[in-house]
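Visitor: I would like a close look at a single part of this protein. Please take me through its disulfides, one after the other, and then show me the sheet.

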Amino acid sequence: MNNPSYTSLNINMQRNLRILAVISTMSVLVLAGLHLPNPSTQLAQGQNVILDNSTSSSTVEEGKVFQPHSKPYNITYGEWTARWWQWAYSIPREVNPAYDDTGKYCSENQRGPVWFFPGTYGKSVIRECTVPTGKAILFPILNSECSFIEFPELKTVEDLSICAKTFQDQVTDLHASIDGQEIPKIELEKYRIQSPLFYFTLPENNILGLPPNTTTGAISDGNWVFARPLIPGKHEISFRGDVTSIVNNATAESFAFPSGWNYNTTYELVIK
């Protein structure tokens, strides 16, 4: 996660580390003949990186989580994950829910039938949040994103896709629960989703520490949970993931990658 108070030199050094790691890994993948989806529209059909045609599901998944092949509110999972990133990047750092230890900014820029929740960087947090009745909740256990502005060496949509997948491949463990009921890891692995190409515009004091009013194309990859609307009352959502040391060494500190986000995030919710 970039801190706007870092010097430009430190930011550039961190970015160069990430670029070197991506280019190196991309070369290996290309030599191996890896072929990835090549989405070509701003919000086209999202690609599901891990394909699973099984119709079996856990009690939690059936009752509280949208199925990965479904289209919640007539929009694909991949499109919803793209909207999560657009939401996250639209909010200045000082009021961004991802930097919030208490939950006081959880309603920032929330619109429509789905509320977006971020994880936490560098430490575990418990956030308290009031959510209107009837809202679904989308959150990443861990996720990654690559854009042309962050990686100017990447020139094509396929380059972005490989970049995002490369970083997300370093996720090693997944945990999520709703109201104390764990979602089995085998179920969570079905929710590995890569987005279509999307665009975001950065505000003043943005969480990437880049010039404001910058617009760029991006692709994300991640492990997600998409909770159906909860009944009125008190609820708890908790999640955490783990990553390899390769990611930690390669990405330094960035909002766009899973490094540093492998801490427990708990939301104490009131639905009303």
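Guide: Begin with the bond between C106 and C129: the torsion about its S-S bond is about 85 degrees, so this disulfide is right-handed. The model is a predicted one, and the distance between the sulfur atoms of C106 and C129 in it is 2.1 Å. The two cysteines sit in distant parts of the chain, 23 residues apart. C106 is in the loop between α3 (77-89) and β2 (114-116), whereas C129 is in strand β3.

Next, consider how far each of these cysteines is reached from outside. A residue counts as buried if its relative accessible area is under 20%. C106 has a relative accessibility of 8%, so it is buried. C129 has a relative accessible area of 4% and is therefore buried too.

A search of the whole structure finds 2 disulfides. The other one is formed by C146 and C163, with sulfur atoms 2.0 Å apart. Here the angle about the S-S bond is -70 degrees, and the link is left-handed. C146 belongs to strand β4 (residues 136-147) and C163 to helix α4 (residues 157-168), so this bond ties together a strand and a helix at positions 17 residues apart in sequence. C146 has a relative accessible area of 0%, so it is buried. C163, with a relative accessibility of 0%, is buried as well.

The pairing can also be written in short form. With the bonded cysteines of the protein numbered in sequence order, it reads 1-2, 3-4.

Now return to strand β3, where C129 is found. This strand is part of an open sheet of 5 strands, arranged in the order β3-β11-β10-β5-β6. The pairing in the sheet is mixed. Strand β3 (125-131) is one of the edge strands, and β6 (181-182) is the other; each of them pairs on one side only. C129 therefore lies in an edge strand of the sheet, since strand β3 holds this cysteine and runs over 125-131 at the edge.

Further into the order come β10 and β5, which stand next to each other. Strand β5 covers residues 171-178 and strand β10 residues 233-243; they pair in the antiparallel sense over 7 bridges. One residue pair can serve as an example: I178 has I237 in β10 as its bridge partner.

Terms used. Residues are numbered from 1 along each chain as its sequence is written. This is a predicted model: local features need pLDDT of at least 70, side-chain atom pairs count only at pLDDT 80 or more; totals for chains, interfaces and linings use all residues. Side-chain values use heavy atoms; hydrogens and water are left out. Two strands pair if DSSP finds at least two bridges between them. Helices (H or I, at least four residues) and strands (E, at least two) are DSSP runs, numbered from the N terminus. A disulfide is a pair of cysteine sulfur atoms within 2.5 Å. Buried means under 20% relative accessible area, exposed over 50%, partly exposed in between (1.4 Å probe, protein chains only).
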